[in-house]
Amino acid sequence: GSAGGSCPSRCVCASNLLSCSQANLSAVPAPLPRFTAVLDMSHNNVTRLRADWAPAQLPHLHALLLSHNGLAFVSTEAFTHVPHLRHLDLSSNRLRTLDENLFSDLGELEVLLLYNNEITTVDRTAFENLGRLRKLYLGQNRIARFPLELLREGTRLPQLALLDLSANRLRAVPAGELQALPAWLRDRLYLHNNPLVCDCLLFQLLDRGHRRHLSAVVDFQDELRCVLPGAPASIKILALADQQPLNCSKVQEAVLEAHLGDSVTLGCDSRWQGVRSRHWVTPGGERVLGEGGNGSVVLLANGSLQLRALRPEDAGTYACWVAGPLLNETLYVELLVHNFTLHGPHDTLNTAYTTLVGCILSVVLVLIYLYLTPCRCCCCRGTEKPPAPRDDSINSSVLSTTPNHAGGTGEPCGSHIAPSAGTGQNGRFKGGGTPPLPARQGPKAQRKVSDPDSVSSVFSDTPIVV
């Protein structure tokens, strides 16, 4: 093939997949085929990834594997020509820092693997423009502090659903910042195998996760350990309940449901007497010490939190921090806000019920009209009418249910009589004249029968004579 479409030497090409693994390469082979979708460069000796490793655009490349290379330097312009990359594996290398705007060109990146490196510093802007990143693996590094405020803001990594910070050097994790994280991220935050300092807030946070059977807590509960001041060895964090010297209390949690526009009161009923102070923390991580939010959030005198005119963003987990005489206590309230007002479903039900009743009433009225209307020709019963000839069918009523040429008596009153020879109305001669009807009694005795030239209404019992 051409220079832009041939397979590099010491690589194996299968369709749009290029495998150059374990080829003892010190640089990415060039040129790479433009159709490359997956490039595997793992287990080589690529120690530096410069901006010129991909001199031309690779529009189809969506997976780049560079693990086990001894990689120590990555240029901030290294990913300029691979903007559609979705999977990047830089694990098991020798990276030490994540510099400013290192991955800013990867706006479509979804999975970033950085575990088993030597990372000690994470710049606040290293993950800038990663709006689609869903999984970030930073385990087995040397990170002493991770900027969790980047996650709390929800602007830099809005879709992040998994964060692995296990086996690092984290000593303190701010429980307030963790509590403020989105629920889908807070439930998949891995903190095991860190030299954490024992703390009741951390215990209660993990205790809630254990009660909810979160895999990040249940699967690694033996590795979730902390260090007590002056203790020779670490202990399990979940074993801190009712143990000296912290004597942490188990978490209490309640679930409250409400609707848009409602006003609710979140209780903070602590078991301790002589509470010194208490405050609330909203799902957004804000502390409520008094009235706030333009009067929509009010801290009552008894320690309860009142929320007025609920909005969808008010849903989440509220934490009440209580400072007791012996130890602190935290109570959690999960607030669920339904996306409709309290009267919304009832109004819908009433409308549907009214429509159904109206339909049934209409059907009943139609049935009454069809079957229970009195017969207008009851006076005609028993009147003998001569049988009609067979040639009158063309002049019979359109709506008559009994043909006019049928023999016998009892013909309905609304039927036309077959014409016969004679003089028509107004002295005109009719070839098939209508014989005179027998005399009737009553106000309708003078009623005339229409002739074939009459214009009649098909939906009327009574012919209209013109």
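These entries record what I looked up in the structure, which is a predicted model.

**Entry 1: the open sheet**

I began with the strand order. An open sheet of nine strands runs S1-S2-S3-S5-S7-S9-S11-S12-S13, and its pairing is mixed. I then asked which strands stand at the edges. They are S1 (12–14) and S13 (189–190); each has a single partner strand, so one side of each is left without a neighbour in the sheet.

Within this sheet I looked up the pairing of S3 with S5. Strand S3 covers residues 38–40 and strand S5 covers residues 63–65; the two pair in the parallel sense over three bridges. For Val38, I noted Ala63 as the bridge partner in S5.

**Entry 2: strand S19 and its partners**

I next turned to S19, which spans residues 277–281. I noted strand S23 (residues 316–323) as an antiparallel partner, joined to S19 by five bridges. Strand S20 (residues 287–288) also runs antiparallel to S19, and two bridges join them.

Which residues stand opposite Val281? In S23 I found Ala319, and in S20 I found Arg287.

I also inspected the hairpin of S19 and S20, which has five residues between the strands. In this hairpin, Gly285 takes a positive phi near 85 degrees.

**Entry 3: the largest cavity**

I then considered enclosed space. A search of the whole structure finds two cavities of 30 Å³ or more. The largest cavity holds about 180 Å³ of space.

I counted 14 residues in the lining of the largest cavity, with Arg186, Leu205, Leu206, Leu214 and Val217 nearest its centre. Two elements, helix H4 (200–211) and helix H5 (215–218), give two or more residues to this lining. Which element gives the most? I recorded H4, with four residues.

By class, the lining of the largest cavity divides into nine nonpolar residues, one polar residue and four charged residues.

**Entry 4: the second largest cavity**

Finally, I examined the second largest cavity, in which about 30 Å³ of space lies. Which residues line it? I listed Ala51, Trp53, Ala54, Glu77, Ala78, Thr80, His81 and Val82.

I sorted the residues of this second lining by class as well: five are nonpolar, two are polar and one is charged. The charged residue is Glu77, and the two polar residues are Thr80 and His81. The nonpolar residues are Ala51, Trp53, Ala54, Ala78 and Val82.

Note on methods:
Residues numbered from 1 in each chain as written. Predicted model: local features only at pLDDT ≥ 70, side-chain atom pairs only at ≥ 80, totals over all residues. Heavy atoms only, no water. Pairing = 2+ DSSP bridges. 1 Å grid on protein atoms, 1.4 Å probe; cavity = no way out; pocket = protein on both sides within 12 Å on 5 of 7 lines; lining within 4 Å. Points joined across faces, edges and corners; volume = space filled by probe spheres on them.
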